[in-house]
Amino acid sequence: MSPTSKIFKPLGSTAASAFLLFSCQIVHARDPGFSQMLFDGGIAIPIIVGLSILALSVSIERLVKFRSKFIAPPDLAERARHLWRAGEYPEIHTMLAKENSTLARAIDFMVLHREQSYATVNNGVGDIASIELRYH
């Protein structure tokens, strides 16, 4: 007795067995393509792609803006210290006006308010650093 006849024996008829065997459709597994999977994902896929692009662009922008030359250029403090000891405050102000960094703005505040008390200058520089930190 064949394995198929054991399966279809309760039907009682070989004709019924043959009908069932030949009327069944063969189903093949099909691997959907990438574009089909994206389409099947619905509205969530474009939203996810858009947010991914936004996150990547913000990350790149932050990496560009948060470089050390925008926070504390390597030789700026030493040049300002040399001019400060010489008492050349207008030259410091001119030099710092050309710089675009957090340290330059803090030192410039110190130069412009050098006649004020230590607490006033310290609070002002702290405020500048806090604002700049939020910016960065």
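Two residues are in contact here when heavy atoms of theirs lie within 4.5 Å. With that meaning in hand, the reader can turn to the model, which is a predicted one, and to Ile92, a residue that touches Ala80, Leu83, Trp84, Ile107 and Val111 when residues up to four places away in sequence are not counted. Ile92 is found in helix H7, which covers residues 89–97, and at 0% relative accessibility it counts as buried, because buried means under 20% relative accessible area.

Before the surroundings of Ile92 are followed further, the chain as a whole deserves a look. The chain has 9 helices and 0 strands, and read along the sequence it follows the pattern α-α-α-α-α-α-α-α-α. Of its 136 residues, 18% count as buried, and Ile92 is one of the residues that meet the cut-off for being buried. Among the contacts in the chain with a separation of 6 or more, 45% are accounted for by residues 24 or more positions apart.

The account now returns to helix H7 and to its contact with helix H6. The axes of H6 and H7 come within 8 Å and cross at roughly 160°. Since angles over 145 degrees count as roughly antiparallel, that crossing makes H6 roughly antiparallel to H7. The crossing of these two helices is right-handed, and the contact is made by Leu76, Arg79, Ala80, Leu83 and Trp84 on the side of H6, and by Tyr89, Glu91, Ile92, Met95 and Leu96 on the side of H7. Sorted by class, the residues of this contact of H6 with H7 are 8 nonpolar, no polar and 2 charged.

Helix H6, which runs over residues 76–86, also meets helix H8, and the axes of H6 and H8 come within 10 Å and cross at roughly 15°. An angle under 35 degrees counts as roughly parallel, and H6 and H8 are therefore roughly parallel to each other. Their crossing is right-handed. From H6 the contact draws on Leu76, Ala77, Ala80 and Trp84, and from H8 it draws on Leu103, Ala104, Ile107, Met110 and Val111. The residues of this contact of H6 with H8 divide into 9 nonpolar, no polar and no charged. Ala80 and Trp84 of H6, together with Ile107 and Val111 of H8, take part in this contact, and these four residues are also among those that Ile92 touches.

Helix H8 leads onward to the last pair of helices described here. The axes of H8, residues 102–112, and H9, residues 118–135, come within 9 Å and cross at roughly 160°, and H8 and H9 are therefore roughly antiparallel to each other. H8 passes H9 in a right-handed crossing. In this contact, Thr102, Arg105, Ala106, Phe109 and Met110 in H8 meet Thr120, Val121, Gly124, Val125, Ile128 and Glu132 in H9. By class, the contact of H8 with H9 has 6 nonpolar, 3 polar and 2 charged residues. Met110 of H8 appears in this list, and Met110 is also one of the residues that H8 contributes to its contact with H6.

Two residues of helix H8 can be set side by side. Thr102, which is found in H8, is buried, because its relative accessible area of 12% falls under the cut-off of 20%. The side chain of Thr102 is joined to the side chain of Glu132 by a polar contact of 3.1 Å, and both residues belong to the contact between H8 and H9. Leu112, which also lies in H8, is by contrast exposed, because its relative accessible area of 52% is over the cut-off of 50%.

Leu112 also leads back to the residue with which this account began. The C-alpha atoms of Ile92 and Leu112, which stand 20 residues apart along the chain, are separated by 9.9 Å. For Leu112 and Pro90, which stand 22 residues apart along the chain, the separation of the C-alpha atoms is 9.3 Å.

Definitions and conventions: Residues are numbered from 1 along each chain as its sequence is written. This is a predicted model: local features need pLDDT of at least 70, side-chain atom pairs count only at pLDDT 80 or more; totals for chains, interfaces and linings use all residues. Side-chain values use heavy atoms; hydrogens and water are left out. Axes are lines fitted to C-alpha atoms, for helices over the stretch in contact, and angles run from 0 to 180 degrees between N-to-C directions. Helices (H or I, at least four residues) and strands (E, at least two) are DSSP runs, numbered from the N terminus. Angles under 35 degrees count as roughly parallel, over 145 as roughly antiparallel, 65 to 115 as roughly perpendicular and the rest as oblique. A crossing is left-handed if the near helix is turned anticlockwise from the far one by less than a right angle, and right-handed if clockwise. Ala, Val, Leu, Ile, Met, Phe, Trp, Tyr, Cys and Pro count as nonpolar, Asp, Glu, Lys and Arg as charged, and the others, Gly among them, as polar. Buried means under 20% relative accessible area, exposed over 50%, partly exposed in between (1.4 Å probe, protein chains only). A polar contact is a pair of N or O atoms within 3.5 Å; within protein, one must be able to donate a hydrogen and the other to accept it, and residues adjacent in sequence count only if both atoms are side-chain atoms.
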